[in-house]
Amino acid sequence: MPFPPVALFDLDGTLLDSAPDMLAAINAMRAGRDVGPMLLDDLRPQVSKGARAMLSVAFPEWDAEERERHVPAFLDAYQQELGRHGGAFDGIEAMLAELEAAGSRWGIVTNKPEYLARQLMPVLGWESRCAVLIGGDTLAVRKPDPLPLVVAAERLGVAPRACAYVGDDERDIVAARAAGMPSVVALWGYRLSEDDPIAWRGDVLVERPADLCSPAAWPVAR
């Protein structure tokens with residue numbers, strides 16, 4: 001069984017352990033308000049849920065409107081910490097190398113703003129290796145809408161069914177299923193304690209990035 005012709009990945013919590021960078025940004029905001037630092041374990045489960053979820057645990061006294069007003073400040077703070085504390089999860093580089101050696105292409109479909117995702121590519125050494133990158137603001141919609149996955153496949157000249165999508169959040173799997181794309185649940189990523197990844201109905205659940213070094217671990221592209 002070969003690797004899929006195209007492997008698409010979520011970024012935060014799937015390829016990238018960005019929680020330490022996010023924590024530094026949140027704690028910079030808290031320090032500016034004379035609030036003590038958060039612990040990584042308290043923020044980590046929220047990272048794949050996005051900026052608003054992280055702000056909700058960092059500043060629980062803020063209502064939704066207040067959180068929305070502070071999203072740009074959080075993104076600015078995060079940009080200052082980008083790639084300084086986190087990095088690719090253990091086993092990711094080996095897995096990407098196996099895909100490349102087999103002739104498969106790989107890309108990223110993330111809800112992170114595209115400009116931030118692109119700034120990370122040279123930091124990680126992926127700028128010439130990542131075949132396509134779709135951010136959360138690249139299109140008019142983002143995951144769990146399937147359009148970002150469909151467009152990523154279109155840009156690479158393949159049908160969605162010829163790809164596989166790897167993600168650590170339910171919306172990743174919902175988007176893949178709606179796009180007609182085989183999916184992999186990344187169990188090493190960021191999840192809330194109440195999340196049930198089995199209920200997401202991904203095609204394959206994988207414990208470690210290193211497991212994806214074997215073609216047999218991937219769902220069959222149709």
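Me: What phi does Gly 157 take, just after α7?

Reply: In this predicted model, Gly 157, which comes just after α7, takes a positive phi of about 75°. Helix α7 itself runs over residues 147–155, and its buried residues are Pro 148, Leu 149, Val 151, Ala 152 and Ala 153.

Me: Which elements do the buried residues of α7 pack against?

Reply: They pack against the strands β1 (6–9), β4 (105–109), β5 (133–134) and β6 (163–167), and also against helix α8 (170–179).

Me: Why does Asp 34 count as exposed?

Reply: The cut-off for exposed is over 50% relative accessible area, and Asp 34 has 77% relative accessibility, so it counts as exposed. Asp 34 lies in the loop between α1 and α2, and its phi is near 60°, a positive value in a residue other than glycine. For comparison, most residues other than glycine have a negative phi.

Me: What makes Arg 201 exposed, and at what relative accessibility?

Reply: Arg 201 has 58% relative accessibility, and this value, set against the cut-off of over 50%, leads to the conclusion that Arg 201 counts as exposed. Arg 201 is found in the loop between β7 (183–186) and β8 (204–206), and it has a positive phi of about 65° although it is not a glycine.

Me: Why does Pro 45 count as partly exposed?

Reply: Buried would require under 20% and exposed over 50%; Pro 45, at 22% relative accessibility, falls in between and therefore counts as partly exposed. Pro 45 lies in the loop between α2 (40–43) and α3 (51–58), and, not counting residues up to four places away in sequence, it touches Tyr 190, Arg 191 and Leu 192.

Me: Why does Pro 5 count as partly exposed?

Reply: The reasoning uses those two limits, under 20% for buried and over 50% for exposed: Pro 5 has 43% relative accessibility, so it counts as partly exposed. Pro 5 is found in the segment before β1, and its C-alpha atom is 8.8 Å from that of Leu 99, although the two residues are 94 apart in sequence.

Me: What kind of peptide bond joins Lys 143 and Pro 144?

Reply: Lys 143 and Pro 144 are joined by a cis peptide bond, with omega about 20°, whereas most peptide bonds are trans. Pro 144 has its place in the loop between β5 and α7.

Me: How many residues does the largest nonpolar core have, and which have the most contacts inside it?

Reply: This core has 53 residues, and those with the most contacts inside it are Phe 9, Leu 15, Phe 74, Trp 106, Trp 126 and Trp 218. Helix α1 (residues 19–31) contributes the largest share of this core, 6 residues. Apart from it lies another core, of 16 residues, among them Val 6, Tyr 165, Ala 175 and Ala 176. In soluble globular proteins, nonpolar side chains tend to be buried together.

Me: How do you know that the protein chain is as compact as a globular protein of its length?

Reply: The radius of gyration of the protein chain is 17 Å, close to the 17 Å that the globule rule gives for 222 residues, so the chain is as compact as a globular protein of that length. The protein chain contains 8 helices and 8 strands, and 53% of its 222 residues count as buried.

Definitions and conventions: Residues numbered from 1 in each chain as written. Predicted model: local features only at pLDDT ≥ 70, side-chain atom pairs only at ≥ 80, totals over all residues. Heavy atoms only, no water. Core = buried A, V, L, I, M, F, W, Y, C linked by side-chain atoms within 4.5 Å. Buried < 20%, exposed > 50% of the residue type's maximum accessible area, 1.4 Å probe, protein only. Helix = DSSP H or I, 4+ residues; strand = E, 2+ residues; numbered from the N terminus. Rg over C-alpha atoms; globule rule 2.2 N^0.38 Å. Contact = heavy atoms within 4.5 Å.
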